[in-house]
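Colleague: I would like a close look at one part of this model, the internal cavities. Please take me through what lines them.

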Amino acid sequence: MVRQTVMNGWFPTRRNGVHARALVAFSAATLLSACQSMIEQTYEPTVSPSSNPQIVEEVQKNDPRAQLGAREHPRIVASYGGEYKDAKTERLVARITGALTAVSENPQQSYRITILNSPAINAFALAGGYLYVTRGLLALANDAAEVAAVLSHEMAHVTANHGIERQQREEAEVIASRVVSEVLASNLAGKQALARGKLRLAAFSRNQELQADVIGVRMLGEAGYDPYAAARFLDSMAAYARFSAVDPEADQSLDFLSSHPNAPQRVELARRHARAFGVEGTSGDRGRDYYLAGIDGLLYGDSPQEGYVRGQTFLHGQLGIRFDVPVGFQIDNKAEAVLATGPGDIAIRFDGIADTARRSLPDYIASGWVTGLQPDTIRPITVNGLEAATARASADRWDFDVTVIRIDGRIYRFLTAVPKGSNALETTASQLRFSFRRMTSSEVQSLKPLRIRVVTVRPGDTMATLAARMMGTDRKLDLFRLINAMQITSTVRPGDKVKIIAE
C-alpha cells in the first residue's frame with residue numbers, strides 16, 4: 001500500500017485469467033514515483049557545469065509540442081507517485097541520454113528524463129521530449145547499451161512526432177467515450193468499452209513501434225553502443241514478464257511489453273537492423289562496468305512508503321502494522337491497495353483511509369462504500385486488542401467478507417472475495433484478520449528496503465551460492481539468473497561482477 005492514502009471505495013469488475021478473475025473483484029491501480037534530470041543538448045563528459053545553465057524549460061518554452069508534454073507531465077508524476085531521487089543513478093541515465101541525443105534525428109531536441117520509482121519494467125515518452133524510465137527497468141538491465149536501447153526507442157517516438165498523432169487519436173477517443181457513456185450509461189459493457197479506449201491510448205500504433213525500433217537501433221549503433229542490445233533486452237523483459245506473472249494470462253498493464261508488442265518478428269527485426277553495424281559481439285560498447293557502478297544500491301521492489309512484502313507477510317514500518325496471508329497466497333503490493341491471490345480464485349484486498357468522522361465501525365461499514373452489503377451481518381469484534389467490525393457482502397458472482405480495524409486516526413480495511421458458494425470465505429478471512437497487529441519497535445527498526453547490490457565473484461562461488469544470498473524471494477536461483485541475464489547452462493568466474501538483491 002503506497003504512501004498512506006487510498007481511494008475511498010472499490011467496485012467489482014471482471015478480467016480474464018484465473019487469478020486475475022478474483023483480483024479484479026476489486027478496483028486497484030499502481031502508483032509509482034520518479035526522479036528527473038535535466039539533459040543538455042549534446043553529451044560532453046569532460047565539460048564542467050555551467051554557471052548559467054540552459055534548462056529544459058527555457059529551451060522548450062516556445063515549443064508547442066513541449067507544451068503538450070508539460071501539461072501531461074504533472075499528471076504522470078502524480079499518478080506514478082512522485083520522484084525517485086538518487087544522484088548517482090540520475091547521472092548514469094543522463095550520460096546515456098546525452099550520448100543518444102547527439103546522434104538523434106533532431107540533435108536540437110532537448111529532453112527531460114524522469115526515473116519513476118516503480119518496480120515495474122517500463123519506459124515511455126510524451127510529446128516535446130519528456131522521457132520516463134522506471135527503476136525496475138534499470139534494475140533488470142545489465143549494461144548501459146540495454147538502457148540506451150529502450151531510451152533510443154522512446155526518443156524516436158519524440159522525433160517522429162508520434163505523440164502528436166496520439167494526441168489527435170485521444171481527442172477522437174474522448175468524443176467516442178462520451179457517446180458510449182451516454183448510450184450505455186453505467187452498464188458494464190459501457191465501462192468495458194471506456195476501459196478499452198484508455199488502453200488503446202496508452203500505446204502507440206504497431207507501425208509507430210516498428211518505426212521507433214528502426215530509428216532506435218540506428219541511434220544505438222551511431223552512439224557507439226552495442227546495437228544488438230535492443231533485441232537482447234526485449235528477450236530479458238519477456239523473461240521477466242513470465243517470471244513475475246501470477247497467471248501468464250493476467251494483465252501486466254504497467255509493464256513495457258503491455259504497450260510495446262514483443263512478437264518474435266520484432267526481435268528478429270531489431271537483430272537484422274543491428275547487423276548493419278557488424279557481427280553480434282564484435283561491434284559497439286556495452287558499458288557494463290560503469291552501468292553496474294551506477295545502479296549499485298538502487299532501490300529494488302517496494303519502497304518504504306509502500307510497505308514491504310516478505311514471503312507471506314506484509315509489513316509497513318511507517319504505519320507500524322503487519323499481517324499475514326495464508327500459505328499458498330501471493331501478495332501483490334499495489335499503490336492504493338495490497339492485493340493477494342490464492343487457490344480457488346480467492347482474492348484479498350487491504351487498504352486504509354483517514355478516520356476523520358470517528359463514527360462507530362459498524363456505522364462506517366454501513367455508510368455506503370460496500371457494494372452488495374448485507375446489513376444484518378454487521379457486528380463489532382476485537383482484533384489483537386484493536387477495535388474492529390466485520391460484515392458480509394455479495395455482488396455479481398462473488399461473496400465477500402469485510403473487516404475494518406481502527407488504529408489511532410486510521411481505519412484499515414480487508415476485503416476477502418471468493419466465488420459464490422465457496423466454503424473458504426470464513427477460514428480465509430478469519431486467518432487474515434487475526435494476523436493483523438501493530439509492529440513492535442524492534443520490528444520497525446529492523447525493517448529495511450531491498451536494493452540491487454553489485455558483488456564480485458570470488459573463488460569457489462557458484463550461481464547457487466550467489467543466489468543463496470538473495471533476499472525477498474523464494475525463487476532465489478531463478479531470480480538471480482533473470483536479473484543477470486543468465487541461462488541454466490551459464491557459469492560464473494572469479495572476478496565477474498553480478499547483481500544480487502539484498503538489504
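Modeller: Here is a walk through the cavities, with some background on the chain.

This is a predicted model, so local features need pLDDT of at least 70 and side-chain atom pairs count only at pLDDT 80 or more, while totals for chains, interfaces and linings use all residues. Residues are numbered from 1 along each chain as its sequence is written, and side-chain values use heavy atoms, with hydrogens and water left out.

Start with the method. Rolling a probe the size of a water molecule over the atoms shows where empty space is left. Here a cavity is a set of points, on a 1 Å grid over the protein atoms alone, where a 1.4 Å probe fits but cannot get out. Lining residues have an atom within 4 Å of a point. Points are joined across faces, edges and corners, and a volume is the space filled by probe spheres set on them.

The search of the whole structure finds 5 cavities of 30 Å³ or more. The largest holds about 140 Å³. It is lined by 15 residues, and A149, H153, D213, A230 and L234 are the closest to its centre. Four elements give two or more residues each to this lining: α6 (144–159), α9 (206–222), α10 (229–244) and α12 (264–274). Helices are DSSP runs of H or I with at least four residues, strands are runs of E with at least two, and both are numbered from the N terminus. By class, the lining of the largest cavity has 10 nonpolar, 3 polar and 2 charged residues. Nonpolar means Ala, Val, Leu, Ile, Met, Phe, Trp, Tyr, Cys and Pro; charged means Asp, Glu, Lys and Arg; the others, Gly among them, count as polar.

Now the second largest cavity. Its space is about 70 Å³. Its lining consists of P119, I121, R135, G136, A139, L140, Y240, L299, Y300, G301 and I483. Both α5 (135–140) and β5 (299–300) supply at least two of these residues. The largest share comes from α5, with 4 residues. The class split is 8 nonpolar, 2 polar and 1 charged.

Last, the chain around these cavities. It has 18 helices and 18 strands. Of its 503 residues, 51% count as buried, meaning under 20% relative accessible area with a 1.4 Å probe, protein chains only. Contacts are heavy atoms within 4.5 Å. Among contacts between residues at least 6 apart in sequence, 68% join residues at least 24 apart.

Notes:
On a 1 Å grid over the protein atoms alone, a cavity is a set of points where a 1.4 Å probe fits but cannot get out, and a pocket is an open set with protein on both sides within 12 Å along at least five of seven lines; lining residues have an atom within 4 Å of a point. Buried means under 20% relative accessible area, exposed over 50%, partly exposed in between (1.4 Å probe, protein chains only).
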